[in-house]
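I'm opening a fresh page for a structure that is new to me. Below are my notes, in the order I looked things up.

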Amino acid sequence: MMQQGAPGNAGLLPARRVIGTAWDVITSRPREALLPVAAVEIPVAVLTAGVTALALLTALGDVELGTEDRGYLLLIIVTAAVQALFAQVAHGAAIVSIAGLLRGERLTLSEALDPPFTRMGGLLAILVILLAVTAGLALTLIGLVLLPYIAVRLALTHQAFLLEGRSPFGAFGRSWALMQGHMLRMLGVMLLTLLIFIGPALLIQALDALVVGPRGAQVALQAGVSVLQGILTIPLVAFTSATTTVFYLNLEGAQPWSKR
């Protein structure tokens with residue numbers, strides 16, 4: 001578990017050890033790390049895939065997949081919005097559960113799920129603000145240059161929101177303050193995580209190539225592929241949650257994880 005360490009920078013983990021600690025947590029306690037994510041992601045993946053397939057077989061029965069039909073685009077936007085919101089909840093549940101492990105506690109599934117579901121409105125606000133900031137920055141060259149900096153400074157927003165009980169804006173401010181002087185370490189964590197994710201992410205995306213054949217077969221295959229992709233993203237979400245949570249608790253004065 002993680003125990004309180006001495007103040008100062010002596011106990012701060014380098015990026016590679018943050019990644020290694022997160023990996024150790026996921027592999028040694030897969031139930032607590034993965035189950036909260038799976039409990040959210042799998043039902044949402046099944047529900048959105050089912051609703052999409054039903055709509056394509058009934059109300060949108062004459063619409064080809066991948067077209068720019070307004071009804072089809074609206075369906076895609078709505079389901080994507082639902083998935084994005086519950087992805088925040090899954091991420092939050094993993095943070096709560098993994099933080100418990102790192103603090104020497106083993107939370108039940110309901111204990112891990114309760115904070116993100118109870119504060120779903122705040123998670124939605126964080127998501128909307130982040131999307132708005134990203135869209136605004138992407139409109140200009142200067143904004144694109146600043147985007148990675150902003151992303152790093154706000155990387156611990158969900159931890160501050162869920163583990164400290166702050167408001168969405170308070171969580172943004174807390175993350176901004178916590179990251180002062182630790183930008184390069186977090187950037188290293190993000191880059192290492194990206195390198196680890198490239199292969200699995202490409203594999204998950206490549207599954208879209210399985211959606212072929214007559215329209216009816218495409219609808220069925222798309223539903224199955226969507227559910228499979230949702231399942232395969234579970235360890236990725238859990239690992240991302242673990243890296244940032246290890247980083248956050250280490251900044252708070254904790255020492256590396258040790259298995260029992």
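**Entry 1: one arginine to start.** Is R174 buried, partly exposed or exposed? I looked up its relative accessibility and got 21%, so R174 counts as partly exposed. The cut-off for buried is under 20%. I should also jot down that I'm working with a predicted model.

**Entry 2: who R174 pairs with.** I found a salt bridge between R174 and E164, with the closest N and O atoms 3.1 Å apart. The two sit in distant parts of the chain: R174 belongs to helix α8 (residues 168–178), while E164 is in the loop between α7 (157–163) and α8, ten residues away. I then saw that R174 and E164 are part of one network of salt bridges with shared partners, which also takes in R166 and E252.

**Entry 3: the other arginine at E164.** I checked R166 next, and E164 forms a salt bridge with R166 too, at 2.4 Å between the closest N and O atoms. E164 has a relative accessible area of 27%, so I put it down as partly exposed. R166 comes out at 34%, which makes R166 partly exposed as well.

**Entry 4: another pair.** How many salt bridges does the structure hold? I get four. One of them joins the side chains of E32 and R106, at 2.6 Å from N to O. This pair also links distant parts of the chain: E32 is in helix α2 (residues 30–57), R106 is in the loop between α3 (70–102) and α4 (109–118), and 74 residues separate them. I looked up both ends. E32 is buried because its relative accessibility is 6%, whereas R106 reaches 57% and therefore counts as exposed.

**Entry 5: stepping back.** I went through the secondary structure and noted eleven helices and zero strands. From the N terminus on, every element I wrote down was an α. The C-alpha trace spans about 65 × 45 × 35 Å along its principal axes. I wondered what radius of gyration a compact globule of 260 residues would have. The answer is near 18 Å, and the protein's 20 Å agrees with that.

**Entry 6: inside and surface.** Of the 260 residues, 45% are buried. Among contacts with a separation of 6 or more, 79% come from residues 24 or more positions apart. The protein exposes about 13,100 Å², and carbon and sulfur atoms supply 69% of that.

**Entry 7: charges.** My last lookup was the charge tally: 15 positive and 13 negative side chains. The centres of the two sets lie 14 Å apart.

How values were computed:
Residues are numbered from 1 along each chain as its sequence is written. This is a predicted model: local features need pLDDT of at least 70, side-chain atom pairs count only at pLDDT 80 or more; totals for chains, interfaces and linings use all residues. Side-chain values use heavy atoms; hydrogens and water are left out. Helices (H or I, at least four residues) and strands (E, at least two) are DSSP runs, numbered from the N terminus. The radius of gyration is taken over C-alpha atoms; the globule rule is 2.2 Å times the number of residues to the power 0.38. Buried means under 20% relative accessible area, exposed over 50%, partly exposed in between (1.4 Å probe, protein chains only). Contact means heavy atoms within 4.5 Å. Accessible areas come from the Shrake-Rupley method with a 1.4 Å probe; for residues, only the protein chains shown count as cover. Lys and Arg count as positive and Asp and Glu as negative; His and the chain ends are not counted. The place of a charge is taken as NZ of Lys, CZ of Arg, CG of Asp or CD of Glu.
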